[in-house]
Amino acid sequence: MDRSAQIKKVSLVGIGTNLVLSAFKAFVGAVSGSIAIILDAVNNLTDALSSGITLLGAILSDRKPDKNHPFGYGRVEYLSSMLVAVVVLVAGISSIVEAAQKIADPQQAHYSWVAVTIIVVALVVKILLGLYVRREGSKISSEALKASGSEALADAALSASTLVAVVLTTFWGISIEGYIGLVISALIIKAGVDLMLGTLSHIVGKRAQGQLASDIKAEIKSVKGVLGVYDLVLHDYGPGKAMGSVHVELPDDMDAVQIHKISKKIQAHVMRRYNAMLTVGIYASNNTDPQVLQAREFVSAAALSLDGVSQVHGFLLDEQIMAFDIVVEFGHDPLALKEELEAKVSARYPDKKIYITIDKNYTE
């Protein structure tokens, strides 16, 4: 089963389970007069709606690229996640209003053993659902499913707190349902805010995950002839769909045919294993000329001595020019660092025209 089909299957399981749980809890809450159970039922209903929106997003994002959208529809998943976040936030705010009313006008709830049994069964089912969804999300590297699974486990904790309220009311006559409702509402709102911020991060342009970037770089470096891998940039077009660019360092005595073969091999390896299309740029590395080696060593030492510069690469030296790239960490002034380094290098090599390119670390 492919990734999209698995997301659809797990989403359908989530929808069905949450609808059944919501119906049972709403019935028990109405009969017993428990606001905590009713809010828990509303929470399950929003989970079902969220799973439905996730399912719709998976269906739409699975559409093939076309003339108007050559990068495909993968980002629809992020839009559907944003809609889910809005639904969760609305539910959380509504729950706060209900809980506040319960605190202002407390009414004693009454529970039967049947109601308690249903709550316990619902708690166990929610735990099993959360573990299942999170496990399946991990299998196919779906952040949406992993988040849904974790949210389901958090909901189980909320159901457990509802059970505590039931026990306190039944055996000691202590009513804290309104306050538990406030806690549940706050956690629902937090879940919505977290989901919204995470989705916005993807839409705005989040850094590629550190492990993914490391794996891709290692894959490229394993290609025979590659001396170094730099400037990896990945543009996110939906979960598991990326396009970007990378620079590789190759010996400067390679001819165009050899370079072409290596570029194609890199593209094929990364596409096959990571479903990412890369444009490959080339740095020519001279590792035999003593003059070049000495100059490169000086430039590297001078650059790395500056606070904020973490890497030097792409070094080129000939009779007229000296060119190289520096990676400047976020939070530092790149132009000031460039000017300071250019002054140092020009003082040592006054006869060379200095070209310094500023790079950022676009991956973790």
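Is Asn275 buried, partly exposed or exposed? In this predicted model, Asn275 has a relative accessibility of 39% and therefore counts as partly exposed. The cut-offs are under 20% for buried and over 50% for exposed. Asn275 sits in the loop between α8 and β3. Its phi is near 50°, a positive value in a residue other than glycine. Most residues other than glycine have a negative phi.

Asp231 also has a positive phi, near 55°, and is not a glycine. Asp231 belongs to strand β1. With a relative accessible area of 17%, Asp231 is buried.

The chain as a whole provides the setting for these residues. It contains ten helices and six strands. Of its 364 residues, 43% are buried. The chain exposes about 18800 Å², and carbon and sulfur atoms supply 62% of that area. Contacts between residues at least 6 apart in sequence were also examined. Of these, 68% join residues at least 24 apart.

Helix α10 covers residues 334-348. Its 15 residues should span 21 Å at 1.5 Å a residue. The end C-alpha atoms of α10 are 21 Å apart, so the expected and modelled spans agree. At the start of α10, Asp333 makes a polar contact: one of its side-chain oxygens comes within 3.2 Å of the backbone nitrogen of Leu335.

Three residues of α10 are buried: Leu337, Leu341 and Val345. They lie on the same side of α10, because they cover an arc of only 60° around the axis. An α-helix has 3.6 residues a turn, so residues three or four places apart point the same way. The face turned away from the buried side of α10 carries the exposed residues Leu335, Glu339 and Ala347. The cover over the buried residues of α10 includes helix α9 (290-304) and the strands β4 (309-317), β5 (321-328) and β6 (353-359).

The largest nonpolar core has 20 residues. Which of its members touch the most other members? They are Val299, Phe315, Met322, Phe324, Ile326, Leu341 and Val345. At least two residues of this core come from each of α9, β4, β5, α10 and β6. Helix α9 gives the most, with five residues. In soluble globular proteins, nonpolar side chains tend to be buried together.

Phe315 shows how this core is joined. Beyond its neighbours within four places in sequence, Phe315 contacts Ala284, Val292, Ala295, Arg296, Val299, Met322, Ala323 and Phe324. A second core, separate from the one above, has 19 residues. Val229, Leu232, Val246 and Leu250 are among them.

Helix α7 (residues 210-221) was treated in the same way as α10. At 1.5 Å a residue, its twelve residues should span 16 Å. The end C-alpha atoms of α7 are 16 Å apart, which agrees. The buried residues of α7 are Gly210, Ala213, Ile216, Glu219 and Ile220. Among the elements covering them are strands β1 and β2, helix α8 (256-274) and strand β3 (276-285).

Tyr237 lies in the loop between β1 (228-236) and β2 (242-251). Is this loop residue buried or exposed? Tyr237 counts as buried, because its relative accessibility is 17% and the limit for a buried residue is 20%. Outside the residues up to four places away in sequence, Tyr237 touches Phe71, Gly74, Arg75 and Met243. Tyr237 and Ser61 are 176 residues apart in sequence, yet their C-alpha atoms are 9.9 Å apart in space.

Ile96 offers another pairing across the sequence. This residue lies in helix α3 (residues 76-104). Ile96 has a relative accessibility of 33% and so counts as partly exposed. Ile96 and Gly181 are separated by 85 residues in sequence, and their C-alpha atoms are 7.1 Å apart. With neighbours within four places in sequence left aside, Ile96 is in contact with Leu182, Ser185 and Ile189.

Conventions: Residues numbered from 1 in each chain as written. Predicted model: local features only at pLDDT ≥ 70, side-chain atom pairs only at ≥ 80, totals over all residues. Heavy atoms only, no water. Helix = DSSP H or I, 4+ residues; strand = E, 2+ residues; numbered from the N terminus. Expected span 1.5 Å × (residues − 1). Buried < 20%, exposed > 50% of the residue type's maximum accessible area, 1.4 Å probe, protein only. Arc of directions from axis to C-beta. Contact = heavy atoms within 4.5 Å. Polar contact = N/O pair within 3.5 Å; in protein donor to acceptor, adjacent residues only side chain to side chain. Core = buried A, V, L, I, M, F, W, Y, C linked by side-chain atoms within 4.5 Å. Areas by Shrake-Rupley, 256 points an atom, 1.4 Å probe, with all protein chains shown as cover.
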